[in-house]
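Colleague: Could you take me through this model and show, for each term you apply, how the computed value leads to the word?

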Amino acid sequence: MENKEEDVKVGANKFTERQPLGTAAQGDKDYKEPPPAPLFEPGELKSWSFYRAGIAEFVATFLFLYITILTVMGVNRSSSKCSSVGIQGIAWSFGGMIFALVYCTAGISGGHINPAVTFGLFLARKLSLTRAVFYIIMQCLGAICGAGVVKGFEGNGRYELFKGGANFVNSGYTKGDGLGAEIVGTFVLVYTVFSATDAKRNARDSHVPILAPLPIGFAVFLAHLATIPITGTGINPARSLGAAIIYNRDHAWDDQWIFWVGPFIGAALAALYHQIVIRAIPFKARA
């Protein structure tokens with residue numbers, strides 16, 4: 001019995017104290033906060049990598065709209081939800097495409113594919129205003145082209161009948177409901193983007209950069225599951241604008257502001273929460 005007690009004491013003292021979790025696991029000696037991106041960076045306009053990143057955003061958003069809007073049209077064409085992929089399949093198409101496209105483009109442009117994500121990262125000073133505006137323009141152009149190709153495949157009749165996959169607040173819900181759903185859904189997405197791409201986590205946990213597209217795509221999937229019945233799920237102003245321009249009907253334009261204001265508010269709240277509360281960057285700067 002005495003030998004057993006001695007073994008327990010030895011075992012208890014054999015291992016050092018468990019490593020602290022979270023932000024306490026890494027001290028300043030391991031990681032230095034990168035300087036904020038300049039507001040204007042004219043030198044970017046002379047760099048091929050700047051335009052290459054914009055082209056990557058255009059192509060990614062084009063592919064995103066093409067696959068997802070075609071999926072929406074296919075579900076709407078089916079006589080029964082049981083004979084199609086249904087709402088779950090639509091949600092998977094959006095989430096799966098974001099997963100694939102972020103994986104493909106993250107090393108080139110950062111894999112934003114969404115003006116709300118770009119806006120949130122700009123507020124956190126992760127990129128310059130010049131690059132943010134360029135990205136948003138290219139994302140919107142890609143979305144318009146993607147929705148246009150879908151209309152070309154479906155034909156005017158079917159495209160009009162199935163409302164072009166455009167976003168609008170569904171019957172039974174108010175515009176306030178739609179705005180709130182877009183704010184919360186975009187908050188979930190942008191907060192996940194910040195957490196999955198946090199440079200401090202990347203420095204500490206080598207697996208984080210590899211896994212980053214997965215939680216981002218999964219956040220998009222979950223947001224769609226929750227808000228498709230309310231707004232069809234925007235959480236991406238480029239996606240909503242592209243479908244609205246090609247569909248071009250009054251009820252799509254009447255609610256268009258919701259799919260810009262809501263995602264931008266949600267992205268701003270996510271950026272503030274991550275930078276001020278989670279990372280506490282302003283307080284570190286004062287210290």
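Modeller: What follows is a set of questions about terms used for this structure, each answered from its value and its cut-off.

Modeller: Please keep in mind throughout that this is a predicted model.

Colleague: What makes up the fold, and how much of the chain is buried?

Modeller: The protein chain has 13 helices and 0 strands, and buried residues account for 45% of its 287 residues, where buried means under 20% relative accessible area.

Colleague: Why is H5 called oblique to H10?

Modeller: The axes of helix H5 (residues 129-161) and helix H10 (residues 237-247) come within 8 Å and cross at roughly 40°. Angles under 35 degrees would count as roughly parallel and those from 65 to 115 as roughly perpendicular, and because the crossing falls in neither range, H5 is oblique to H10. The crossing of these two helices, H5 and H10, is right-handed.

Colleague: Which term describes the way H4 and H6 cross, and why?

Modeller: Helix H4 (residues 115-123) and helix H6 (residues 175-196) have axes that come within 10 Å and cross at roughly 55°. That angle is again outside the roughly parallel range, under 35 degrees, and outside the roughly perpendicular range, 65 to 115, and H4 and H6 are therefore oblique to each other. The hand of the H4 and H6 crossing is right-handed.

Colleague: How do you know that Glu 44 and Arg 131 form a salt bridge?

Modeller: The closest N and O atoms of Glu 44 and Arg 131 are 3.0 Å apart, and the rule asks for a side-chain nitrogen of Lys or Arg within 4 Å of a carboxyl oxygen of Asp or Glu, so the pair qualifies as a salt bridge. This pair links distant parts of the chain, with Glu 44 in the loop between H1 and H2 and Arg 131 in helix H5, 87 residues apart. Both Glu 44 and Arg 131 are buried, and by the rule just used the count comes to 4 salt bridges.

Colleague: What makes Glu 154 buried, and which word applies to Arg 158?

Modeller: Glu 154 has a relative accessibility of 7%, and because the cut-off is under 20%, Glu 154 counts as buried. Arg 158, with a relative accessible area of 37%, is partly exposed, because that value lies between the 20% and 50% limits. The side chains of Glu 154 and Arg 158 meet in a salt bridge of 3.2 Å, N to O, and both residues lie in helix H5, 4 residues apart, about one turn of the helix.

Colleague: Which parts of the chain does the salt bridge between Arg 249 and Glu 160 tie together?

Modeller: The side chains of Arg 249 and Glu 160 meet at 3.1 Å, N to O. Arg 249 lies in the loop between H10 and helix H11 (250-254) and Glu 160 in helix H5, so the pair ties together parts 89 residues apart in sequence. Arg 249 at 36% and Glu 160 at 25% are each partly exposed, because these values fall between 20% and 50%.

Colleague: Why is Leu 45 called partly exposed, and which patch includes this residue?

Modeller: Leu 45 has a relative accessible area of 43%, so it falls between the 20% and 50% limits and is partly exposed. Leu 45 lies in the loop between helix H1 (2-14) and helix H2 (48-77), and together with Trp 48, Tyr 51, Ile 55, Val 59 and Leu 63 forms a nonpolar patch on the surface, with about 550 Å² of accessible area together.

How values were computed. Residues are numbered from 1 along each chain as its sequence is written. This is a predicted model: local features need pLDDT of at least 70, side-chain atom pairs count only at pLDDT 80 or more; totals for chains, interfaces and linings use all residues. Side-chain values use heavy atoms; hydrogens and water are left out. Patches are made of residues with over 30% relative accessible area and no salt bridge: like charges are joined within 9 Å, nonpolar side chains (Val, Leu, Ile, Met, Phe, Trp, Tyr) within 5 Å. Accessible areas come from the Shrake-Rupley method with a 1.4 Å probe; for residues, only the protein chains shown count as cover. Buried means under 20% relative accessible area, exposed over 50%, partly exposed in between (1.4 Å probe, protein chains only). Axes are lines fitted to C-alpha atoms, for helices over the stretch in contact, and angles run from 0 to 180 degrees between N-to-C directions. Angles under 35 degrees count as roughly parallel, over 145 as roughly antiparallel, 65 to 115 as roughly perpendicular and the rest as oblique. A crossing is left-handed if the near helix is turned anticlockwise from the far one by less than a right angle, and right-handed if clockwise.
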